[in-house]
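User: Could you walk me through how to read a few features of a protein model? I'd like the general idea and then the actual case.

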Amino acid sequence: MRRKSLPVLFAALLFSAASFAKVSLEIDGLEKELKDNVDAYLSSIPESDYSTQLRFQSRLQKNIVEALNALGYYHPKIDFEVKESGEVLAVHVDAGEVTRLELVDIVITGEAENDPDFIRVISQSGLKQGEPLNHGQYDSLKSSLRNLALQKGYFNGTYIASRLEVAPELNQAFVRLHYDSGIRYQFGATSVEGSQIDENRVASLQPYKEGDPYLVSKVGEHNQNLSSTEWFSSVFVEPDLNNLDGGRELPMKVSVAPQARNKFETGLGYSTDVGPRGTFKWKKPWINSRGHSFDSSFSISEPEQYITAGYKIPLDDVLHEYYRVQYGLKKVDNRDTQSLESNLSVERHWLVDSGWHRTMFVRYLIESYEQGVLDDVGQFVLPGFTFSRTRARNSGSLITWGDKQTVTIEYGSDSFVSETNVVRVLAATSWIRTAGENHRGVFRMGGGANFVDDFDKLPPSLRFFAGGDNNLRGYDYESISPRDSSGALAGAKYMATGSVEYQYRLAGNWWGAVFVDGGDAFDYTPRWKTGTGFGVRWVSPVGPLRLDFAWGLESDPGERFRIHFSLGPEL
């Protein structure tokens with residue numbers, strides 16, 4: 001008896017070992033959305049559970065049937081085949097005939113009956129007579145109608161009928177969705193609690209009027225507007241839903257808490273342009289009940305040190321219209337430039353309907369400087385204006401689409417304080433575009449011009465220098481300009497630069513880049529310089545970090561290679 005049982009025991013052990021060996025699945029007979037849905041259902045099964053046992057086959061069949069049922073296939077045929085000595089479980093699937101929608105009965109009553117947004121959602125649902133049944137489309141439409149009602153203020157909306165009936169033996173399905181929206185509520189009076197700012201200042205940030213139809217997007221915009229002022233440490237805007245039976249108008253409740261009177265920020269940074277840099281910022285987000293604010297910053301690096309202080313006075317349109325008074329003091333000791341620059345400016349800001357930010361200003365500049373052979377003190381009164389616009393779409397910290405344009409024109413006259421007649425024009429534009437998940441292009445152009453009677457009377461801050469991390473890679477920071485009789489950099493009347501960069505995603509937030517930069521700072525005829533190279537980008541939470549290896553093709557042979565490192569916004 002003992003000898004007879006040994007083969008049986010051996011066979012049992014062999015079968016058991018095979019059943020626990022690593023098994024892979026092969027599923028055929030499905031394409032496109034059927035295959036995708038089955039894969040989604042099977043993703044819940046760990047690969048470690050795969051086997052050729054009948055119990056696993058039964059589990060697999062149940063998941064496949066559920067996945068096909070969800071798309072209207074109620075008569076699938078599923079066969080299993082064990083191949084390659086038990087290492088592969090082949091699943092042969094015939095989905096069978098699809099169940100189609102025989103009846104689609106969708107009715108909206110109440111004030112949303114003719115609402116174009118409800119009509120659009122229904123028309124885009126995919127639920128049409130004769131089309132294949134898709135349980136996901138039914139569930140999606142049902143939740144979409146309910147969510148849309150809440151977004152647009154139909155708070156009493158309810159389903160009178162919501163049924164999806166299937167007759168598998170007939171391959172027919174019947175949809176009945178009857179939704180009564182009730183009335184659409186309106187914005188009522190707004191009450192504000194906890195604010196230290198005048199009521200009319202806060203009220204100007206409200207993007208709706210009393211009696212306007214309710215929209216949840218307007219509530220979000222109101223919340224964002226209040227937060228953008230930096231007056232408050234917390235903001236919460238909500239409708240008072242306790243008054244649904246008190247009429248059509250819903251009171252709005254705004255709860256805020258004052259921001260701290262003083263905020264301080266310190267930072268350390270590094271770039272190959274200026275080396276290590278330390279910064280300190282002091283801000284008073286609100287000074288008085290009118291919402292005035294103060295900000296200042298101090299920055300120190302080896303070639304440049306500056307301090308600025310600004311005072312902001314908001315007008316009726318708090319976020320978009322304001323006055324700003326600013327003072328800045330800057331010391332520069334870089335190459336052939338030594339200067340102490342003092343700027344006092346008064347600015348008026350608007351945001352026009354097209355999205356452009358418009359600034360009119362007048363600034364008083366006094367600068368003591370040595371620039372090559374020049375040693376002088378210059379002063380200018382420069383009225384002017386700036387138009388700027390920035391647009392961007394982000395995925396996390398990565399800009400997937402964006403552009404920025406800036407144009408500034410300012411004028412100085414020797415008949416009013418300025419050392420000489422001068423018209424200055426500065427312009428810059430940048431574009432960022434992506435293709436798919438892994439390809440990006442960054443394009444930049446910039447330039448400036450001084451139309452001046454006596455160029456020798458312009459201080460260094462009004463002249464142009466090219467080269468550096470953000471200008472012309474492959475060349476040192478501000479190392480490109482005409483030279484004076486002593487061979488020192490003199491600064492230029494004009495400047496024009498451009499850059500083309502292609503980026504490819506290496507992994508996650510890491511990107512590789514290749515680029516070509518070109519341009520010059522010149523007085524009469526440009527002698528174009530070209531820089532080219534490659535680099536690495538890391539999209540960090542605080543902005544892109546850039547490391548570039550660049551060659552300046554017009555540099556002296558021993559000075560052509562430069563490394564550029566910087567951290568900061570792309571637009």
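Analyst: Happy to; we will take a helix, then some paired strands, then an annotated span. Please keep in mind that this is a predicted model.

User: Let's begin with helix α3. Why does the distance between its end C-alpha atoms agree with its 16 residues?

Analyst: A rise of 1.5 Å a residue gives an expected span of 22 Å for residues 54-69, and the end C-alpha atoms of α3 are 22 Å apart, so the two agree.

User: Which residues of α3 are buried?

Analyst: First the general idea: an α-helix has 3.6 residues a turn, so residues three or four places apart point the same way. In α3, the buried residues are F56, Q57, L60, N63, I64, A67, L68 and N69.

User: And what do those buried residues pack against?

Analyst: Their partners are two helices, α2 (32-42) and α5 (135-151), together with the strands β1 (24-28), β2 (77-83) and β3 (88-94).

User: Now the strands. How many bridges join β19 and β20, and in which sense do they pair?

Analyst: β19 (residues 422-435) and β20 (residues 439-452) are antiparallel, with 14 bridges. To locate one, look at R424, whose bridge partner in β20 is N450. The hairpin has 3 residues between the strands, and G436 there takes a positive phi near 70°.

User: Which strand does β20 pair with over 11 bridges?

Analyst: That is β21 (residues 494-507), again antiparallel. Here M445 has G498 in β21 as its bridge partner.

User: What does UniProt list for residues 280-568?

Analyst: An unreviewed entry gives "domain: Bacterial surface antigen (D15)". In the model this span is 65% strand and 0% helix, and its end C-alpha atoms lie 17 Å apart.

Key:
Residues are numbered from 1 along each chain as its sequence is written. This is a predicted model: local features need pLDDT of at least 70, side-chain atom pairs count only at pLDDT 80 or more; totals for chains, interfaces and linings use all residues. Side-chain values use heavy atoms; hydrogens and water are left out. UniProt positions are given in the numbering used here, feature names are shortened, and annotations may be inferred rather than shown by experiment. Helices (H or I, at least four residues) and strands (E, at least two) are DSSP runs, numbered from the N terminus. The expected span of a helix is 1.5 Å times one less than its number of residues. Buried means under 20% relative accessible area, exposed over 50%, partly exposed in between (1.4 Å probe, protein chains only). Contact means heavy atoms within 4.5 Å. Two strands pair if DSSP finds at least two bridges between them.
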